[in-house]
Amino acid sequence: MSTPSALERVRDVDRLGVDPPYDYPEYVGTRLRHPKEPLVLLPHTLSELTGPLLGERRLGELDHDLTRQHAGEPLGERITVSGRVLGSDGRPVGGQLIEIWQANAAGRYRHAVDTHDAPLDPNFTGAGRCLTDENGAYRFVTVKPGAYPWRNHHNAWRPAHIHFSLFGRAIPDRLVTQMYFPGDPLFPFDPIFNSIRDERARERLVSCFELERTEPEWSLGFRFDIVLGARDATPLEEPHDD
Amino acid sequence: MTERTALPAPSQTSGPFLSIGLLDGYVGASLVSEDDPRAIRIRGRLLDGNGDPVPDGLVEIWQANAAGRYAHPEDARDDIPLEEEFVGFGRSGTVEDGWFEFVTVKPGRVPALDGGQQAPHLVVTVFARGLLKHLVTRLYFPDEVDANAEDPVLLGLEPDERETLVARVADGELRFDIVLQGVDQTTFFAV
């Protein structure tokens, strides 16, 4: 029963592109939270060709520096995370709000629900934001987050990561993701990281250590470039039968 | 290296601690003042496949202003006025037993692809632990019977799907529950 103008349906597994699926049983939290009905393909109207542009909003002078938001300095390895935000056309996305949040160096979030037996740091909130410049460039100063256990399965530990939120130019660009650190020994065991089936796509979320971005006697430098858009328009592999 | 640069960054879950970064008040849930005579209140619950509330989620809305203009350069219809204070974007956590809440105005109608007009609607985006990527849906208004009856998106859906996208009136507010899974699942879009 469909009307003549029925919108097309698509199974999530048939449109993944670089993205993970909604249904990924190894990540237990998905089991009751993934939609089981096919998605409705929405032709892009003005509502989808637009989206929030928050580049005009005011930022605090130290919003990008998570090590200077309290009376003292947080413990941990001081790092910078910097890079560029680009559209899928390769053009820089300037004036783009980037929001980040993360655990402290001991692997503990400043959040009532985090019960991991690791110390909070009175000098670390773990939230930051900044705007990209006209070249799409951004930079945060923070400490390297610790790994932490998360009870998804026996002895489950998340690789160290920083959460990123970006808007892009329009609704389809919206992205919330996680940045990882190179060579993390927890990668093979993490269902969230491995929910991205394509290895090249997973690598897009692993930052690079760069000596050029490392500041002598001060901080280690990690580069993390982010390409927005067209995540489901890049078929990387055949749809899975399993 | 070239290839690596061109590939978009994939999505990952916001996790259970998104409130640290996204709900510190920088973007609020009131798009207009509650004293605005046009103000409407939208409340709803985010529910999982067992019908249980999702207390660690985030709902975002994107909309045109009351005259039907998006605050975005892609909407170049200069004959329709922008409102300086109205960005058209809001954010609410679902911390209190899965409840989210917005204060906003009903948007005006915006163009459809067939040359007609869409019914007034909000673009609604959902994030939570357990969602490896966000979900996109729409909210339509129950008092827009005629506009809803000719909306190309609503017309492209089955009646039971359509029903999940139309808010209902309860106690002078609009109620709009978002159900992630199950017989009452909300209709979600691929954009």
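**Fold of chain A and its contact with chain B**

With 242 residues, chain A would have a radius of gyration near 18 Å if it were a compact globule; its value is 19 Å, which agrees. The structure is a predicted model. The C-alpha trace of chain A spans about 65 × 45 × 35 Å along its principal axes. Three helices and 13 strands make up its list of elements. Buried residues account for 41% of the 242 residues. Among the contacts in chain A with a separation of 6 or more, 71% join residues 24 or more positions apart.

Strands of a sheet pair through backbone hydrogen bonds, in either a parallel or an antiparallel way. In chain A, four strands form an open sheet in the order β5-β4-β9-β10, and their pairing is antiparallel. β5 and β10 of chain A stand at the edges. Each has a single partner strand, so one side of each is left without a neighbour in the sheet. From one strand to the next, the twist averages 25 degrees. Within this sheet, β4(A) and β9(A) run antiparallel and are joined by five bridges. Ile98(A) stands opposite Leu166(A) of β9(A).

Leu166(A) also has a place in the nonpolar interior. In soluble globular proteins, nonpolar side chains tend to be buried together. The largest nonpolar core here has 102 residues, and Leu166(A) and Val126(B) touch the most other members. Strand β5 of chain B, residues 121-128, gives the most to this core, with six residues. Leaving aside residues up to four places away in sequence, Leu166(A) touches Val85(A), Gln96(A), Ile98(A), Leu175(A), Ile226(A) and Leu228(A). Ile98(A) is thus named twice: it stands opposite Leu166(A), and Leu166(A) touches it.

The two chains meet in a contact that takes 75 residues from chain A and 62 residues from chain B. On the side of chain A that touches chain B, the elements giving two or more residues include β4 (97-102), β5 (127-131), β9 (161-166) and β10 (175-180). These four strands also form the open sheet. Further elements among those giving two or more residues are β2 (39-41), α1 (46-49), α3 (199-203) and β13 (226-227) of chain A. The residues on this side of chain A divide into 39 nonpolar, 19 polar and 17 charged.

Strand pairing also crosses between the chains. β2(A) pairs with strand β10 of chain B, residues 189-190, in the parallel sense over two bridges. Leu41(A) stands opposite Ala190(B) in β10(B).

Conventions: Residues numbered from 1 in each chain as written. Chains lettered and ligands numbered in written order. Predicted model: local features only at pLDDT ≥ 70, side-chain atom pairs only at ≥ 80, totals over all residues. Contact = placed C-beta atoms within 7 Å. Nonpolar A, V, L, I, M, F, W, Y, C, P; charged D, E, K, R; others polar. Pairing = 2+ DSSP bridges. Axes fitted to C-alpha atoms, helices over the stretch in contact; angles between N-to-C directions. Rg over C-alpha atoms; globule rule 2.2 N^0.38 Å. Buried ≥ 20, exposed ≤ 12 C-beta atoms within 10 Å, placed from the backbone. Core = buried A, V, L, I, M, F, W, Y, C linked by C-beta atoms within 7 Å.
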